[in-house]
Amino acid sequence: MNGDPETSQILRVLLWATVTALATGLGALPFLVLRRVTSGAVAYANAIASGLMLGASFGLLAEGTEHGAWQPFVGANLGVLFILATRRWLDERDIEFGSVRGEGARKMLLIVIVMAVHSFAEGVAVGAAFAGGLTLAAFVTIAIAIHNIPEGLAISAVLRPRGRSIAACAGWSVFSSLPQPLMAVPAFVFVEAFRPSLPYALGFAAGAMVLMVLLELLPESYEHGRRAPIGILLSLSLVGMLLLQRYL
Amino acid sequence: MPVDRTLATLLYGAIAAAAAAFGVGPWAFGRRPSRRLIGLANALAAGLMLGAAYILVSEGLTGPAAPGAAGAVLGILFVYGSHAFGGTADLQLNLPDEVSPEYGYKVVVVNSLHSASEGIAIGVAMFLDLRLGIFMALAFAVHNVAEATALCSVLVPRGVSLGRAAALSVLTDVSQPLMAVATYAVLVAAPVILPPTLGFAVGAIIYLTVVELLPEAYTQAHEVGIGVTAAVAMSAVAVLRVFLP
């Protein structure tokens, strides 16, 4: 410790956000034992991640509404717009890459870009959550770290069958999550500097998380999995997440 | 037992159920709503459910957590079990062209069980606070309109008249006021079971949202419209809660 709390806090945010990014690399590990991952596994991993993120968003909303009502609402809608904007940017890329007849290369690049783009929101969520208090931050960090593992799995499921090594799968997975530590620090510092914006930031994180669940994770789940196990996994992991927030 | 509050529970539960009649609105104006509109109605219903779950959770955060969690698991298992028992686990709820009596029967059964869980949520909210209960009932009233529109998209193309479609929509929601009053009465008699009852409502309505409303919506409308509709509805409910005195 160099005695400057601000610096040590920023380092801590950077550290935790880096941990969530590194967790993404764990998604490559199943390929050590699995020749091929079923699409069902991704569907159910998504369901677990969705439950954890919805649980986290409940916590963020509860925290945010303690500071005011309209601010978290506005923040949540900004979070929704933020995800939409990054998706639109992505769609433009999509068209550009789609016109290239680069078969597998295009697909591999695209999955990494998709994951990296929504890691920006996750980084903001981590940074904002740290500003909301260390307890909540720990849960959001855990939630996002766990949520990153199936993301890494999804990336690896595209890369691995196209001949990339397990190390390369893990590397690209971590790379896709690097925006998290990069965004977490400015989000954290921003919140520190402008306390009144905290309810906005908490709402922003909640809105971004809920929309990410509804846009990226659940549609894929329903496409590849059955409703009942998705419902069970999602609701139980949501309850587990609420319990964690309550007890720790 | 406070008679006023009991009557209020019955009254507002009944208002929520009666609101379902407005689900025939689009047809009454001579328009058959597009699949996309039905999908967005389902998304709106889903967002309001998530908002209601959030409100119950935030109310329950001060109570003991373990009984609440146990109740939530029970609520999840209750809905799962009723789907498994009725053979409706993977039932597509909004197929306008499916005309078998079996299908119509299953849709009505699913919708009735669905509103029973919502009735428990209203009863719990009424027990916690009258204004919260009224707010919850009104949120479910809006939810019921959206849901009834989806139900009518099955009923009307099958040749059911508008009046009967409206009546059937209300009928599937009758379990709302009944379960609301029953839940309220049981809670007044035995306040200790509040945490597990609250948890039951949360678990049941989240599970219902995930297995009934959202998968249906994704087959009908684009995921962007669904995501925005549900997320905004959920955050609106969370924020309006703050304005309750």
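**Chain B and its contact with chain A**

Trainee: How many helices and how many strands does chain B have in this predicted model?

Mentor: The model is predicted. Read from the N terminus on, the elements of chain B run α-α-α-α-α-α-α-α-α-α. The count for chain B is therefore zero strands and 10 helices.

Trainee: What radius of gyration does chain B have, and why is chain B called as compact as a globular protein of that length?

Mentor: Along its principal axes, the C-alpha trace of chain B spans about 50 × 35 × 30 Å. For 245 residues the globule rule gives 18 Å, and the value for chain B is close to this, so chain B is as compact as a globular protein of that length. The radius of gyration of chain B is 17 Å.

Trainee: What percentage of the residues in chain B is buried?

Mentor: A residue counts as buried if 20 or more other C-beta atoms lie within 10 Å of its own. Of the 245 residues in chain B, the buried share is 55%.

Trainee: Is helix α6 of chain B largely enclosed or not, and how many of its residues are buried?

Mentor: Helix α6 of chain B covers residues 130-155 and reaches 35 Å from its first C-alpha to its last, close to the 38 Å expected at 1.5 Å a residue. The helix is largely enclosed by the rest of the structure because, of its 26 residues, the number buried is 20.

Trainee: Is B:Ala233 buried or exposed?

Mentor: B:Ala233 has its place in helix α10 (residues 223-242) of chain B. Within 10 Å there are 23 other C-beta atoms, and the cut-off is 20 or more. B:Ala233 is therefore buried.

Trainee: Which residues does B:Ala233 touch, not counting residues up to four places away in sequence?

Mentor: B:Ala46 lies 187 residues from B:Ala233 along the chain, yet their C-alpha atoms are separated by 8.5 Å. In chain B, 89% of the contacts between residues at least 6 apart in sequence join residues at least 24 apart. The residues that B:Ala233 touches are B:Leu44, B:Gly47, B:Leu48 and B:Gly51.

Trainee: Which helix supplies the largest share of the side of chain A that touches chain B?

Mentor: In chain A, 35 residues are in contact with 36 residues of chain B. Helices α3, α4, α9 and α10 of chain A each supply at least two residues of that side of chain A. The largest share, 14 residues, comes from α10(A).

Trainee: How many residues of the side of chain A that touches chain B are nonpolar?

Mentor: That side of chain A also holds five polar and three charged residues. The number of nonpolar residues there is 27.

Conventions:
Residues numbered from 1 in each chain as written. Chains lettered and ligands numbered in written order. Predicted model: local features only at pLDDT ≥ 70, side-chain atom pairs only at ≥ 80, totals over all residues. Contact = placed C-beta atoms within 7 Å. Helix = DSSP H or I, 4+ residues; strand = E, 2+ residues; numbered from the N terminus. Nonpolar A, V, L, I, M, F, W, Y, C, P; charged D, E, K, R; others polar. Rg over C-alpha atoms; globule rule 2.2 N^0.38 Å. Buried ≥ 20, exposed ≤ 12 C-beta atoms within 10 Å, placed from the backbone. Expected span 1.5 Å × (residues − 1).
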